[in-house]
Amino acid sequence: MENSKNNTVGYIYALQAFFAWGILPLFWKLLSDIPAMEVLAHRIFWSFVFLLLFILIKKQKNIIALLKQKKTRNSLIVSSLLIGGNWGLFIYAVNINQIVEASLGYYINPIVNVLLGMIILKERLNTLKTIALIIASISVIYLTIDYGRFPWIAIILALSFGFYGLVKKTAGIEAIPALTVETFILAPIAAGFIFWKIFDHSGALFSGNISTDTYLILTGIVTTLPLYWFAKGAQRIPLSAIGFMQYIGPTLMLLIGVFVYDEAFKREQIIAFSLIWFALILYTISMIRGTRQKQQIN
């Protein structure tokens, strides 16, 4: 009974996280008049503030220990640069009305994870994952030909988040303490940029618009709260369920881009996305089978 309740709570946490990530473009659009670099600086700074408050409330004292360990510190420096770049590019994509392409990046990300696992961690692919990887690769090539240009936003988003996950996996650090350190590493640069913009009278913060000030401060909450929900959900439910649910976010992004902001979604894009969805179905089936096999062995 207790285990069933724990699973239910886990699914609720995970659903909250993926739904929040999916509708985030609506929030970033509220700040579309502000340069992406400035929004990114606020996102980093206020995320650090809220994470620090969270750590203090929870009385977690292992942050200093993480910084003292050279290997861990170096890993977190790399991961902070990767996640900072990912955040900034996503905000930029929303600002220039490329939400559909951004969603493509997060559809491709699971396949990138498989590829990184195969190349760097020497993980072996089963037949279904191999087919999924081939189909996803074909769809990206097809999109590139159709675009007449390389879909660099989607690819960089997928690669940066993929390598971020790889670094976090090999470092083996809990999500919240790790993100606190990552934002701590970037916070001085972000704070310096924010204060320079304020004193230069070119910044959006404290420029007389209370709504803008509120939205900028809220960037910390909308960044950290879904991550906290995700961490709580991942502790309680199977990895296969997380793998399947992670497509909620980019699907919502795609729907918002097409139906709310009238971004183009041509027949060629529908074909490419359909191929990726098919690849993700194969990928998810493979994950579920793998989880069941492990459970039977145990």
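Two residues are in contact when heavy atoms of theirs lie within 4.5 Å. Keep that rule at hand for this tour.

**Before you start**

What you have open is a predicted model, where local features need pLDDT of at least 70, side-chain atom pairs count only at pLDDT 80 or more, and totals for chains, interfaces and linings use all residues. Residues are numbered from 1 along each chain as its sequence is written, and side-chain values use heavy atoms, with hydrogens and water left out.

**Stop 1: the whole chain**

Begin with a cartoon view. You will find 12 helices and zero strands; helices here are DSSP runs of H or I with at least four residues, strands are runs of E with at least two, and both are numbered from the N terminus. Reading from the N terminus, the order is α-α-α-α-α-α-α-α-α-α-α-α.

Turn the model around: the C-alpha trace spans about 60 × 50 × 40 Å along its principal axes. The chain has a radius of gyration of 20 Å, which agrees with the value near 19 Å that a compact globule of 298 residues would have. That radius is taken over C-alpha atoms, and the globule rule is 2.2 Å times the number of residues to the power 0.38.

Now show the surface. About 15,500 Å² is exposed, and carbon and sulfur atoms supply 67% of it. These areas come from the Shrake-Rupley method with a 1.4 Å probe, and for residues only the protein chains shown count as cover. Of the 298 residues, 47% count as buried; buried means under 20% relative accessible area, exposed means over 50%, and partly exposed is in between (1.4 Å probe, protein chains only).

What share of the contacts with a separation of 6 or more comes from residues 24 or more positions apart? The share is 86%.

**Stop 2: Leu76 and Ala178**

Select Leu76, in helix H4 (residues 70–95). Leu76 is buried, with a relative accessible area of 1%. Setting aside residues up to four places away in sequence, Leu76 touches Leu66, Ile173, Ala178, Val181, Glu182 and Ile185. Add Leu179 to the view: the C-alpha atoms of Leu76 and Leu179 are 8.5 Å from each other, although the two residues are 103 residues apart along the chain.

Next, pick Ala178 in helix H8. Is Ala178 buried or exposed? At 0% relative accessibility, Ala178 counts as buried. Its contacts, not counting residues up to four places away in sequence, are Leu76, Lys168 and Ile173. For another distance, select Ile242: its C-alpha atom is 20 Å from that of Ala178, with their positions 64 residues apart along the chain.

**Stop 3: Thr180 and Ser47**

Stay in helix H8 (residues 175–199) and move to Thr180. Thr180 counts as buried, at 2% relative accessibility. Which residues does Thr180 touch, beyond those up to four places away in sequence? They are Phe48, Leu51, Ile55 and Ile63.

From there, go to Ser47 in helix H2 (residues 36–58). Ser47 is buried too, at 0% relative accessibility. Its contacts, leaving aside neighbours within four places in sequence, are His42, Trp87, Thr183, Thr219, Gly220, Thr223 and Thr224.

**Stop 4: two loops**

Select Asn97, in the loop between H4 and helix H5 (99–119). Asn97 is not a glycine, yet its phi is positive, at about 60 degrees. Asn97 is partly exposed, with a relative accessible area of 41%.

Then jump to His201, in the loop between H8 and helix H9 (210–234). His201 is another residue other than glycine with a positive phi, near 60 degrees. At 75% relative accessibility, His201 counts as exposed.

**Stop 5: the charges**

Colour the charged side chains. There are 24 positive and 13 negative ones, and the centres of the two sets lie 16 Å apart. Lys and Arg count as positive and Asp and Glu as negative, while His and the chain ends are not counted. Each charge is placed at NZ of Lys, CZ of Arg, CG of Asp or CD of Glu.

Side chains of opposite charge can pair when their charged atoms come close. A salt bridge is a side-chain nitrogen of Lys or Arg within 4 Å of a carboxyl oxygen of Asp or Glu. How many salt bridges does this rule give? The count is one. To see a salt bridge, select Arg267 and Glu268, whose side chains meet at 3.5 Å, N to O. Arg267 counts as exposed at 58% relative accessibility, and Glu268 as partly exposed at 21%.
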